[in-house]
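Let's walk through how some of the helices in this protein pack against each other, and then look at one of its pockets. Keep the structure open as you read.

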Amino acid sequence: MSLHSIRPWREIPRRKSRQIMVGNVPVGGDAPITVQTMTNTLTTDVAATIAQVQAAADAGADIVRVSVPDEASSKALREIVPEVSVPIVADIHFHYKRGIEAAEAGAACLRINPGNIGDEKRVREVIRAARDHNCSIRIGVNAGSLERHLLEKYGEPCPAAMVESGLDHIKILQDNDFHEFKISCKASDVFMAAAAYQQLADATDAPIHLGITEAGGLMSGTIKSAIGLGNLLWSGIGDTVRVSLSADPVEEVKVGYEILKSLGLRHRGVNIISCPSCARQGFDVIKTVETLEKRLEHIKTPMSLSIIGCVVNGPGEALMTDVGFTGGGAGSGMVYLAGKQSHKLGNEGMIDHIVEQVEERAAQLEAEQAKTAAE
């Protein structure tokens, strides 16, 4: 039984949206909320781009976006797409022909910006290429590149202008009988982005791609994204997310999953519950958690681990986790397995032992899931 079913205050009713396919990955409807990132290598450096896509996929990315600014980049996609394990979204901006070339090269989705792509005739040509090559489209509205007539109408970038831009572009796709699309309306201003997405969610049933654009570095960008995306996800809005950070794309994937995990919307790997540490701690909590985060990156099975420095909150937290360790006195603590006290453990060998216990629990959970699936 899930925690949601017995604790209704955890429930997040998701907005009802149509489902589309991005390659072999469903987006929208009742599909899991997907996590995306974007490469920052030169797309023409095929080996480096493939390596970065695969690193993101290994970290849990469901979809990866690749910039296609020139013809050489669209040609490189022909080599990149067959070598990676996740669908590739081609990021298209000023030249519509790059969209046509990317569809022909095997991209699973084309991201086009209404403010940059050009007139309706050019958009129709991109739609034709997408349809011919079984490619979806993301309408990517950005507050920083709205169409001139909308800026003149509204005086400045604002939620209403962003939504109008998106709906105008949706109409073009629908008038051309193309429905395999999702939409985003990003801004670096958290308030503007959240307001635009809320209005957009009421105005269309298209799957929504969430993001706070140009969010900043690892620390500030993570906080800004957690506030903006967390607010929207908690409201049930969002079918796929990208956390935009001035950092390694793998970090974007990690942060995206942590946001989803914190809301109970998606689970992958070990969720570590740990205390901030204080004078009561029976071991170095901060160093231990930092080490365990690295040592447990290979675990994909959703599970929980509590690392608490003393007995004030340790036993209570351990009752709710798959594996737990609570600090005690005399250089040792208590190991909990499946919420129950199991055995004492000296601080000296605790990290290796905890890793072993987590790996064993993960294998057990995987076996139980496999058995359930087979029945």
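## Helix 2 against helix 3

Start with helix 2 and helix 3, which pack with their axes 10 Å apart and at an angle of about 60°. That angle makes helix 2 oblique to helix 3. As for handedness, these two cross in the right-handed sense. Bear in mind throughout that this is a predicted model.

Who does the touching? On the helix 2 side you'll find V46, T49 and I50, and on the helix 3 side A76, E79 and I80. Sorted by class, this contact has 4 nonpolar residues, 1 polar and 1 charged.

## Helix 3 against helix 4

Helix 3 has a second partner to look at here. Its axis (residues 71–80) and that of helix 4 (residues 96–105) come within 8 Å, crossing at roughly 10°. Angles under 35 degrees count as roughly parallel, so helix 3 is roughly parallel to helix 4. The crossing of helix 3 with helix 4 is right-handed.

From helix 3, the residues in this contact are E71, S74, L77 and R78; they meet R98, E101, A102, E104 and A105 of helix 4. The class split here is 3 nonpolar, 1 polar and 5 charged.

## Helix 8 against helix 9

Further along the chain, the axes of helix 8 (residues 159–175) and helix 9 (residues 190–203) come within 8 Å and cross at roughly 40°. That puts helix 8 oblique to helix 9. Here too, the crossing of helix 8 and helix 9 is right-handed.

What kinds of residues make up the contact of helix 8 with helix 9? Helix 8 brings P159, A160, M162, V163 and L167, while helix 9 answers with M192, A195, A196, Q199, L200 and A203. By class they come out as 10 nonpolar and 1 polar, with no charged residues.

## The second largest pocket

Now for some empty space. The second largest pocket holds about 790 Å³. It is lined by 21 residues, and the ones closest to its centre are K254, E258, V270, E293 and E297.

Which element gives the most to the lining of the second largest pocket? That's helix 11, with 6 residues. Helix 11 spans 249–262, and at least two lining residues each also come from helix 2 (46–59), strand 11 (270–274) and helix 12 (285–295). So helix 2, which meets helix 3 through V46, T49 and I50, also supplies part of this lining.

If you'd like the chemistry of the pocket wall at a glance, the lining has 9 nonpolar, 2 polar and 10 charged residues. K254, E258, E293 and E297, listed among those closest to the centre of the pocket, are good places to begin looking around.

Terms used: Residues numbered from 1 in each chain as written. Predicted model: local features only at pLDDT ≥ 70, side-chain atom pairs only at ≥ 80, totals over all residues. Heavy atoms only, no water. Axes fitted to C-alpha atoms, helices over the stretch in contact; angles between N-to-C directions. Helix = DSSP H or I, 4+ residues; strand = E, 2+ residues; numbered from the N terminus. Parallel < 35°, antiparallel > 145°, perpendicular 65-115°, else oblique. Left-handed = near helix turned anticlockwise from the far one by under 90°. Contact = heavy atoms within 4.5 Å. Nonpolar A, V, L, I, M, F, W, Y, C, P; charged D, E, K, R; others polar. 1 Å grid on protein atoms, 1.4 Å probe; cavity = no way out; pocket = protein on both sides within 12 Å on 5 of 7 lines; lining within 4 Å. Points joined across faces, edges and corners; volume = space filled by probe spheres on them.
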